[in-house]
Amino acid sequence: MTKRIIKKVAVLGSGVMGSRIACHFANAGVQVLLLDIVPDGAAGNERNKLVNDALSNALKSNPSPLYRKVDAQLIATGNFSDDMKRIADADWIIEVVVENLDIKRKVFDEVEKYRKPGSLISSNTSGIPISMMNDGRSEDFKRHFCGTHFFNPPRYLPLLEIIPGPDTLTEVVDFYMSYGERVLGKTTVLCKDTPAFIANRIGVFGIMTVFQLLSELQLSITDIDKLTGPVIGRPKSATFRTSDVVGLDTLLHVAAGLRANLPNDEARKVFEVPAFIQKMADNRWLGDKSGQGFYKKVKNPDGKSEILVLNPATLEYTAQTKSKFPLLDQVKVIEKLPEKLKVLYAGDGKAGSFYRKQFNLLFAYVSHRIPEISDEIYRIDEAMKAGFGWELGPFETWDALGLEQSIRVMETDGIKPASWVMDMLKAGKKSFYQTQNGRQTCFDPASNTYKPIPGIENLIILKHQEPNAIVWQNKGATIYDIGDGVLNLEFHTKMNSVDSNVLSGVQKAIDLAERDFKGVLIANEAPNFSAGANLAMVFMMAVEQDWDEIDFSIRAFQQTVMRIRYSSIPVVTATRGMTLGGGCEMTLHADKVVAAAESYIGLVEFGVGLIPGGGGSKEFALRASDEFKEGDILLPVLKERFLTIGQAKVSTSAEEAFDMGILRKGNDRKVMNGKHLISEGKREVLNLADAGYQMPVPRKDIRVLGRTGLGMVYAGAHSMYSGQYISEHDKKISEKLGFVLCGGDLSAPTLVSEQYLLDLEREAFLSLCGEKKTLERIQSLLTTGKILRN
C-alpha cells in the first residue's frame, strides 16, 4: 500500500461547516485552500467576498474554531470560478456545499477536471446517499470517494462518520479512519450508506421521542431539559436547548428525510412532527438563529436580560419556573452514572415514567438498527458519545440498567427489542460488553460471540484494568501498574480537585516507583485533569484562624510538587480539559507534559484573592530567569509572567499553553486525540527512563530583580488602582505576587534558590488567607458553586 501524506486540503464550500472544517485542518498543521462561489456581479477583490467574510466570521466566533489565531495563516481563500484549478495540488478535497444533490454533482464535475489522480475526495453530506453522488463519476474518483461527515463544531465535537461508497478502496477507507483519529483527533466511526447514517438517525429519533413524551406525560419544556441533561450523562443543553442551538429547521429537515426514506422503519411514526413544533417552524421560531425557539431572550422592565420559555399549549413565552422532581433529589448523592441510572429507571412519579418510556423506546430502536445501520453494537455507542455528547451510548446504558431486568419492564409496556437480543439472552449472555484480560469485548450478533473491539488494542483504558493492576488506593487516588514498569496515578476526587488524599497518592506513587518501577504517569480518564486545590478546606481553616494548619497544608503541597520535580524516576503528567490552580502547579513541575489538544491550563488563584501557593509563583520566577539572556532586559519577561498570573489567564488549548509559557516548547508535547493520552504518556515515561534518566539538581541560580522589579510592579498596581481599574484588595494581591516574582526586597538583582522563593510564596499566600476581602470572595464563589465544596 502506498504511503499517503496529507500536505494540503481543499475545502469546497465556506459556510458554517466548511469554514470550521478548514480551521480544524489548520489546527492539525495542514495547509488549506477554502473556496466558494463568486457573489453575483462581483469584480476584482470582491470576487472572494463570500469566502473571506465566511472565514472572518468563523475566526470571530466564540468558542474559537482555532487552537491559536496565528494558525489562520495556513488557510488560503479563493472562488470556484477563478481558483478551482488550484485543487490540483491538494491531497484531499472535501465538498461542503449545500445539501442539494444537483449542486453537489456540478461541483464534482469541476473537481474531475482538476484533481490529480489518486487524491482523496469526500463529501460532508449529512444524509445524501454516497452511491447517488458516485453516479457518472470516473473510476479513479469513485475508488477514492467517501462520505466524511463532521459534526458541528468540528473542533469540539469529536465524531467523524466515515461512509464508503460501493467502489471505495479498502485502503482508502482505512486511511480516512486512521487519519481522522490520529491527526484530526476524531472518534472515527465506520457507517453504512443509510439515511442519516448512525448518529443523526439515533439522535433525531431520541429527540422526536421526547417531543411526543412532552405532551403524553404533560411535562413542560423546562421539565424535559431538567430530566435529559447532566443527570443522565447528557450535555447541559439537554433536549430543547440543544434544538435551539442546532436550529429547529435543521432538526426537522433530518426528521422529514428519515420519514420519507424509511418506509419500512418500525418506528417511522416517531418522525412525524407534533402540531406545536410545526407551528413553530411555520412562525420561523427556529432557535438561536432566529432569536427565539423553545427559549427566548428578552429584556425585563429593569433592563436585565431574562430567558423565557415556550408554553407548547398556548405558544406563548412565559417566565421559567424551577422544575422539581423528588426522584432527582434522590440521586444527587450518587456519583457513578450507572448506579444513578438504575435508580432513575426504577423511580416513581412522572420522572420515573418518563425515564422508563424514553429508555425502553430507545433500546428497542437501536436493537432493530442492527445490522441495518451497523453490524457492530459498539459503533452505535461510539457515534452517540462522540456526536451527541452522551456519557454512555445506548447499549452501554442498557447494560448499566441490566439487560434482563429492563427487558421485563419493556415487555410490560408492550415494547419489543429485536429478536437477536432475545436469542442472546437465551444463550446465557446477559450484557453487551465484557472485559476480558484487561481488554473490552463486545457482543457480535452475527456470530453470537464476544469479540475484541478493534482499534483500542494499543490504548490504555484504566476502567478496564484487571483488579490486580491496582497497586494502592485511598479515598482520593488510585495507583495502577499499567505495565512495562510504569505506574499510573489517577485522581478520583470531585472534579479531581487536589486534597490531602491526592497529595498522599503522589508521594506514594513516587515512593513505589523509586523502589520497584521505571517511572510514574499522573493521568486520568475524566473530562478534566484537575479543577485545582480544595479551597473550601483553606476557607474553613482561615475562618477558624488555624494558621499553623494552613501553613502545614501549603508546605505539604510545595513538598509534593518538588518531589515530582526532584525524584530519581521520571514523572510525566497527561492533561486534558481543565488543568487549573494546583493541577497546573503539578503540571509545571513534571519532567514532561503530554497535553491533549483540548487542555485548558492556568493559574487562577488571583481570581479568588490569592496567589499560587503550591510552587506556581516560584516556577514562573524560575522560568522568567531561564528566558533571560545576557544583554537582555528582564523586566518585559517578568511583566509577561506577572500578567499571566495576575489576570488569571487560562489557555484555550494546549497550543496556547505553549505560547503562555506554561507548556515548554521542545520538551512537552500535544496529543490531538485524548483517547491516546495515557498510552502516549506511558511512552514518554519509558523514553525518559530508557534514556538514562537522572534526577535534576535543585536550582540555586534563579535570577530575580529585587527592588528594580518591585518598582515596576508597585507603580503599575498604584496606577491601575488610581484609575479605578482594580480594587484596593487587588492592588494588595498584585504587590504580594510581585514581591515573590522579584525575590523580595533585595537591593540589587540576585541569584536565589527555589526554596527561598517557595518560602516567599508561602508567606504571601498565608498573609492573603487572613484578608477579609479574600475570605469574602472565596465564600461568594463557594455559595454560587463556582469553586468546589468538600
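**Reading a pocket and three helix pairs**

Tutor: Helix α24 supplies five residues to the lining of the second largest pocket, the largest share of that lining. Please bear in mind that the model is predicted.

Student: How much space lies in the second largest pocket?

Tutor: In general, empty space is revealed by rolling a probe the size of a water molecule over the atoms. Here, the second largest pocket holds about 430 Å³. Its lining comprises 22 residues, and those closest to the centre are Arg 623, Glu 627, Arg 641, Gly 661 and Arg 664. Two or more lining residues come from each of α24 (616-627), α25 (634-646) and α26 (654-659).

Student: How do the lining residues of that pocket divide into nonpolar, polar and charged?

Tutor: The lining of the second largest pocket has 12 charged, eight nonpolar and two polar residues.

Student: How are two packed helices described?

Tutor: The description rests on the angle between their axes and the distance between those axes. Take helix α14 (residues 337-345) and α15: their axes are 8 Å apart and the packing angle is about 110°. The two helices α14 and α15 are therefore roughly perpendicular to each other. From α14, the contact involves Leu 341, Leu 344 and Tyr 345; from α15, it involves Gly 352, Tyr 355, Arg 356, Phe 359 and Asn 360. Five of these contact residues are nonpolar, two are polar and one is charged.

Student: At what angle do the axes of α15 and α17 cross?

Tutor: Helix α15 (residues 349-368) and helix α17 (residues 394-401) have axes that come within 10 Å and cross at roughly 125°. This angle makes α15 oblique to α17. Their crossing is left-handed. On the α15 side, Phe 359, Leu 362, Phe 363, Val 366 and Ser 367 meet Pro 394, Phe 395, Thr 397, Trp 398 and Leu 401 of α17. The contact has eight nonpolar residues, two polar and no charged.

Student: Is the crossing of α18 and α19 left-handed or right-handed?

Tutor: I begin with the geometry: the axes of helix α18 (residues 403-412) and helix α19 (residues 419-426) come within 11 Å, crossing at roughly 135°. With that angle, α18 is oblique to α19. The crossing of α18 past α19 is left-handed. Helix α18 contributes Leu 403, Glu 404, Ile 407 and Glu 411 to the contact, while α19 contributes Val 421, Met 422, Met 424 and Leu 425.

Student: What kinds of residue make up the contact of α18 with α19?

Tutor: Six residues of that contact are nonpolar and two are charged, with no polar residue.

How values were computed:
Residues are numbered from 1 along each chain as its sequence is written. This is a predicted model: local features need pLDDT of at least 70, side-chain atom pairs count only at pLDDT 80 or more; totals for chains, interfaces and linings use all residues. Side-chain values use heavy atoms; hydrogens and water are left out. On a 1 Å grid over the protein atoms alone, a cavity is a set of points where a 1.4 Å probe fits but cannot get out, and a pocket is an open set with protein on both sides within 12 Å along at least five of seven lines; lining residues have an atom within 4 Å of a point. Grid points are joined across faces, edges and corners, and a volume is the space filled by probe spheres set on the points. Helices (H or I, at least four residues) and strands (E, at least two) are DSSP runs, numbered from the N terminus. Ala, Val, Leu, Ile, Met, Phe, Trp, Tyr, Cys and Pro count as nonpolar, Asp, Glu, Lys and Arg as charged, and the others, Gly among them, as polar. Axes are lines fitted to C-alpha atoms, for helices over the stretch in contact, and angles run from 0 to 180 degrees between N-to-C directions. Angles under 35 degrees count as roughly parallel, over 145 as roughly antiparallel, 65 to 115 as roughly perpendicular and the rest as oblique. A crossing is left-handed if the near helix is turned anticlockwise from the far one by less than a right angle, and right-handed if clockwise. Contact means heavy atoms within 4.5 Å.
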